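User: I'd like a close look at a single part of this protein, the surroundings of its largest pocket. Could you take me through what lines it and then follow the elements around it outward?

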Amino acid sequence: MTEKMAAPKVDVTKLAEMDKHETITYGDKENPKTIEATFRDPGYEMLMKIRAKQNIGNNERDYAEMINMINENVIINPRYAFADLNKKVRKTEETKEVELDGKRGKKPHILMKFPGYREALNLTADIRGVDGADETLGVLQALNKDVFRRVDNPDKPLDMSFWSENGGGYDAINEARLYFAEVMDHDGYASTAIRAVTFLSECI
């Protein structure tokens, strides 16, 4: 189902006292950029619904849905929706080739494909389970399926035999997280979302 830009789902009365305007800094330290953002206290009931996505049972969280709810209820300006953000991914950011540090001196090359904001956010957050359990295998398998590809055959997903032969799986996970962060913050969205999470904690 296509995610549409949603109007703020909060009481429109007394807006001024519920809003906080901030200048968000993002990008390289040598060449920082800024974006103006407005955050709104969503009210206690919605706040608790948002925070509940951090633990949905079975040692799982739905971090992306938590951020989606923040997009709808907390970040008032700019307005964000995953569907719109996905459309703004630049052609040059759709894929990225990286060299990894493998085993026994190997330097395997892989191609990474951006999977969309929702999946990228969940894959970034899921390296540890809610109870701290190591979820690296599950994350690597998900990345194999939806992100990692062979350089000589971009349509062919990687599998665990590739990592058994070449090593570098842990390095690949780190590279994927850096890649996702670069794509999601090219216009300051990731920095704005992270600040919104902090702002939400101030509303408790």
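Analyst: Happy to. In this predicted model, the lining of the largest pocket divides into three nonpolar, three polar and four charged residues. The residues in question are Tyr26, Gly27, Asp28, Asn31, Lys33, Leu178, Ala181, Glu182, Asp185 and His186. The volume they surround is about 250 Å³.

Which elements supply this lining? Strand S1 and helix H8 (169–184) each give at least two residues. The largest share, three residues, comes from H8.

Let's move on to the strands. S1 and S2 (residues 32–40) form a hairpin with four residues between them. The two strands pair in the antiparallel sense, over nine bridges. Two lining residues, Tyr26 and Lys33, also face one another in this ladder, since tyrosine 26 stands opposite lysine 33 of S2. Another bridge of the hairpin pairs threonine 25 with threonine 34 in S2.

The hairpin belongs to an open sheet of three strands, ordered S1-S2-S3, with antiparallel pairing. Strand S1 (19–27) and strand S3 (75–77) are the edge strands; each has a single partner, so one side of each is left without a neighbour in the sheet. From one strand to the next, the twist averages 45°. S2 pairs with S3 in the antiparallel sense too, here over two bridges. Within that pairing, threonine 38 has asparagine 77 of S3 as its bridge partner.

What packs on this sheet? Helix H9 (residues 189–202) does, touching S1, S2 and S3, and its direction makes about 140° with that of S1.

H9 also has a helical partner. Helix H3 (residues 63–73) packs with H9 at an angle of about 85°, and their axes are 10 Å apart. An angle from 65 to 115 degrees counts as roughly perpendicular, so H3 is roughly perpendicular to H9. On the H3 side, the residues that meet H9 are Tyr63, Met66, Ile67, Ile70 and Asn71. On the H9 side they are Tyr189, Ala193, Ala196, Val197 and Leu200. Taken together, the residues of this contact divide into nine nonpolar, one polar and no charged. Set that beside the lining of the pocket, where four residues are charged.

To round off the picture, here is the other sheet I can describe for you. Four strands, in the order S4-S5-S6-S7, form an open sheet with antiparallel pairing. Its edges are strand S4 (95–99) and strand S7 (153–157); each has a single partner strand, so one side of each lacks a neighbour in the sheet. Neighbouring strands here are turned by 45° against each other on average, direction ignored. Strand S6 (residues 148–150) runs antiparallel to S7, and two bridges join them. In one of these pairings, arginine 150 has asparagine 153 of S7 as its bridge partner. This sheet has a helix against it as well: H6 (residues 136–146) lies across strand S5 (109–113), S6 and S7, and runs at about 50° to S6.

Coming back to your pocket, then: S1 supplies at least two of its lining residues, and S1 is also an edge strand of the three-stranded sheet and one of the strands touched by H9.

Note on methods: Residues numbered from 1 in each chain as written. Predicted model: local features only at pLDDT ≥ 70, side-chain atom pairs only at ≥ 80, totals over all residues. Heavy atoms only, no water. Pairing = 2+ DSSP bridges. Axes fitted to C-alpha atoms, helices over the stretch in contact; angles between N-to-C directions. Contact = heavy atoms within 4.5 Å. 1 Å grid on protein atoms, 1.4 Å probe; cavity = no way out; pocket = protein on both sides within 12 Å on 5 of 7 lines; lining within 4 Å. Points joined across faces, edges and corners; volume = space filled by probe spheres on them. Nonpolar A, V, L, I, M, F, W, Y, C, P; charged D, E, K, R; others polar. Parallel < 35°, antiparallel > 145°, perpendicular 65-115°, else oblique.
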